[in-house]
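Thanks for asking me to look this over. My notes are below as numbered points, to be read with the model open beside you.

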Amino acid sequence: MIQRTPYADAFTYAIMVIGFLLLLGPFLVVLAGASQTMPQVNAVPFSFLPQGEFMKNASAAWARADLGTAMTNSLIMAALVTAGKVALSACTAFAIVFFRTPLKHVFFWSVFITLMLPLEVRVVPTYAVAADLFQPIKSILGFFGLEIGIEWNLLNSYAGLTLPLIATATGTFLYRQFFMTLPDELAEAARMDGSGSVRFFFDMLLPLSRTNMLALTTIMFVYGWNQYLWPLLMVTDPSYKTLMMSLLALLPSDNGIPDWNVTLAGSLIIMAPPVIVVAVLQRWFVRGLVSSEK
Amino acid sequence: MADIQIRAVRKSYGKTPTLHGIDLSFDSGEFVVILGPSGCGKSTLLRMIAGLEDITAGEIAIDGRVVNKLEPRERGCAMVFQNYALYPHMTVAGNIGYALKVAGVAKAERERRIAETAKIVGLQDYLERRPAALSGGQRQRVAMARAIIREPKVFLFDEPLSNLDAKLRVTMRAEIRKLHQRLSATSVFVTHDQVEAMTLADRLVVMNRGHVEQVGRPLDIYHRPASTFVASFIGAPAMNLFTTRIEVETATVRLDGAAIAIDPLVAHALRGREVIVGIRPEQCRLTTEGKGLPARIDFVEELGVGRVIHCEIAGEAFAAAVAEDADVSAGDTVWLSLPPEQLHFFDAETGRRIEFPLPGTDIAAARGSASTTQHTGVLS
Amino acid sequence: MEKRAVFKSWWLPVLFALPQLVLILLFFYWPVAAVVNWAFTLEPPFGGAAEFVGFANFKEALSDPFYWNSVVVSLIFATVGPFFCIFIGLTLALAVDRQLPGSGFFRFFYILPFAIAGPAAGMAFRFILSPERGLAASINALSPDLWNPAKYGSHALALVIIIFIWKWSGYTFIFLLAGLQSVPRALGEAAAMDGAGPFRRAIDVQVPLLAPTLFFLLVTMMTEGFVGADTFGIVHSVTGGGPNHGTEVMVYRIVDEAFQGLNYSGASAQSIILIGLIMVFTFIQFRFIEKRVHYK
């Protein structure tokens, strides 16, 4: 900025440090607690000093909540949600932006409206569809007095975990935003060079979208990893449990021993992957966040 | 090499018409420049030839084949865009060779032709660079190379030089002209810059508001502009135009009180009519005090090769080009003579040029004898 | 803003959009239609004869004091939470935007909490702000039960709101910082030439120009507070709606009613009310964004 004033600068630093303590403090508590012994973690006042017990606590947590299986499932789920979103929304945005057809407005609005209603308010019927993918078709046929005997249950499957989460608008608008910034002449030049629309999509749009894909990948990974309600409803088979579902299993039992050090170590394992992604790819994460919202 | 026929072509976006029936015919190997102000429909016309815009009505034929329904790639045209439209993620070689890649040309053959084309435009040392690492002029060359490599029948240029700085523009102009002589494909070049148009064109098409105003060789258009629009659009500084009435007795027109002599036969032919009279600044002459048209100089523009004096006559801006050593400065009053044979006459209502002889008069015959006797007298 | 769309084909765009369209049809539009249908009918879940009951389900929901309790809880949650998120985000963004040496370091860390799932954050805060251990226990050492979210609904509500604020402040920070950085530097310089110090500049120049971002965040954050995934996740993992319905936000009640109470019609009626609420928010935001485009 223009001129520097010592008081204002000191005040600015004070604010930044307070903000740092408020936002990072909880991390430090978790880190310290996860590395302490049970008596240490329960001591009042709490000591912020980390101790050497982290590996022991972590392996206790790992065993208690079967984090190995859950970790695999969470990774698969986050990866599928991310890949599905990155691929499908690129296709939809392409259809919306680059074609001269009245249908594109139908596409645009039908995707746009999904921004309004999060899963939480339509979770019951979504669950019903997942329980039998053909339920909508059956109902429509039933309306005309027809009955069919097919059923496709998505509960306790990766498809069931991920498909409903891919059915949102986030990525589509990120791509659309980007496509709109490309000069019209780019597609025209490609057309003059003899390239058709599909070829243009693969030769031009996808390579040019790399940074957007990276941005979308970071936010979708975090989104997929952090899903809580949906897996909680979908999954009854422990072999499909995700990490988020394991959180409650980490809690010390109500009247049992308060081994919060183990709980905290387990929480840390669950929190770590998205935090690492955001820390390492922060530039892309921020870009994805800002440009997918506007 | 191909000729282009444009027959009664119209274009409207929704209900708004942008082209009102264009008829043009370009010969094979010709360098045609379409000139006009922004929004006149020149780019639309070019894009219709390219196949990037639908043709609302009429037809366009390239090489005798109607192309209305053909995809751009089937028309044999290559296009250079105003902003170059290079593929940012590809190298120079990738950009130049993309059309061949799409066409499925084998890699070895492709590379040979890329190298060959790059040499024509002087890019052989930049083949591995990305467009972002090139200067404006180099990007322009890539865009041209991309067009050349396809060996098209028709080159289309959509204001390709307007993003370059003034000096580079002159260089590239010369290069485009040289390239045309070498490849001699039919070229259609769209611009709003009249200097560019004059220097490049074999034939010039001047457009305004979706109409063709005039078609012809650049010098013909300069000397005989078909309308006040063309007259003021071609030539810098622009032609001086003023509305006045012909006085047949004295064979003069009145301008700010001063009587300007005109050809008596013209005066006779146009007697009593209201006309727009035009004269190019470079045809005005300084004359001795008390003669011709008095003008008080507002400011003097230095061009190096000469000076342009700007004044106000009859409430209109008036410019006159004088020699660089002419002793004039702002605030002076100078006297201008306007040679009668350099005056242009336009219909005051339609703005169209009034050609002599007027059709349906017998003055044509009379003029031959009259001009020899009287002309010189009026001049001096 | 329209692009000069260049490709002409009616079936290719359909083909490209189809996968996503099928998914949203199946997992969005059909469920939404089902919610509407169920809200006006009474039927056993997943089959059986549905009976049209008009607004009976709504009447029933609206006459339930626990429903109104959840409305009040949600209102508190979705106003207090966003207010503090935006306040903290704005304060930090203004500080970081001064670009003093080291501010990049702070910026880096401010964003991290947003990467953590609400329930995971909830788990950490259950410990940090537990009445018996962690940081808050020291307060209770002064006098027992000065802080006890397990016992008092108001304390529990404060706890879940704190977790929400902690997680989402980084989010508002990102947007406000981006907004500040798009304010032309020349404006700040002009204000400085006019003799305004850093604080005056922040209040007189920067904050007014941030108005569009602030409004956008207010609407987004309130929507998030009412129906966001974190709102449900935090409440579910930290308090389970208790104690004594003290933290039972509307979303939590809907899910609880449907899957614990198996009252699909009642849950659907409540969903419709919530959907109406979000539509109002979205409409306001849409109108506003339109205005902002004209403003530019």
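1. Let me begin with contacts inside chain C, where contact means heavy atoms within 4.5 Å. Of the contacts between residues at least 6 apart in sequence, 68% join residues at least 24 apart. Please keep in mind that this is a predicted model, in which local features need pLDDT of at least 70 and side-chain atom pairs count only at pLDDT 80 or more, while totals for chains, interfaces and linings use all residues. Residues are numbered from 1 along each chain as its sequence is written, chains are lettered from A and ligands numbered from 1 in the order in which they are written, and side-chain values use heavy atoms, with hydrogens and water left out.

2. The overall build of chain C comes to 13 helices and 2 strands; helices (H or I, at least four residues) and strands (E, at least two) are DSSP runs, numbered from the N terminus. Along the principal axes, the C-alpha atoms of chain C fill a box of roughly 75 × 75 × 30 Å.

3. How much of chain C is buried? The share is 57% of its 296 residues, with buried meaning under 20% relative accessible area, exposed over 50%, and partly exposed in between (1.4 Å probe, protein chains only). About 12600 Å² of chain C is exposed, and carbon and sulfur atoms supply 70% of that area. These accessible areas come from the Shrake-Rupley method with a 1.4 Å probe; for residues, only the protein chains shown count as cover.

4. Helix 12 of chain C, residues 250-259, is worth a look: 9 of its 10 residues are buried. Among them are two charged residues, C:R253 and C:E257, by the convention that Lys and Arg count as positive and Asp and Glu as negative, with His and the chain ends not counted.

5. A second buried charge is C:E224, in helix 10 (residues 211-227) of chain C. C:E224 has no salt bridge, and the nearest side chain of opposite charge, C:K167, is 6.9 Å away. A salt bridge here is a side-chain nitrogen of Lys or Arg within 4 Å of a carboxyl oxygen of Asp or Glu. Leaving aside residues up to four places away in sequence, C:E224 touches C:F164, C:W168, C:A229, C:D230 and C:T231.

6. Next, the interface of chain C and chain A. Its contact takes 104 residues from chain C and 118 residues from chain A. Together the two chains bury about 10200 Å², 77% of it on carbon and sulfur atoms; buried area is the accessible area (1.4 Å probe) that two parts lose on being put together, summed over both. How many salt bridges cross this interface? The rule finds 1. A:D9 forms a salt bridge with C:R98, with the closest N and O atoms 2.9 Å apart.

7. Over all chains, the count comes to 32 salt bridges. In one of them, B:K11 meets B:E53 at 3.6 Å, N to O. This pair links distant parts of the chain, 42 residues apart: B:K11 is in strand 1 (residues 4-13) of chain B, and B:E53 is in the loop between helix 1 (42-50) and strand 4 (57-62). Both B:K11 and B:E53 are buried.

8. Another salt bridge in chain B joins B:R177 and B:D202 (3.1 Å, N to O). B:R177 sits in helix 5 (residues 166-183), and B:D202 in the loop between helix 6 (194-200) and strand 9 (203-208), 25 residues apart. B:D202 counts as partly exposed because its relative accessible area is 30%. Salt bridges that share partners also join A:E188, B:K11, B:R47 and B:E53 into one network.

9. Finally, some backbone details to check. A cis peptide bond joins B:A236 and B:P237, with omega about -10 degrees; B:P237 lies in the loop between helix 8 (228-233) and strand 11 (240-247) of chain B. C:Q99 is not a glycine, yet has a positive phi of about 55 degrees. C:Q99 lies in the loop between helix 3 (65-97) and helix 4 (103-110) of chain C, and is partly exposed because its relative accessible area is 42%.
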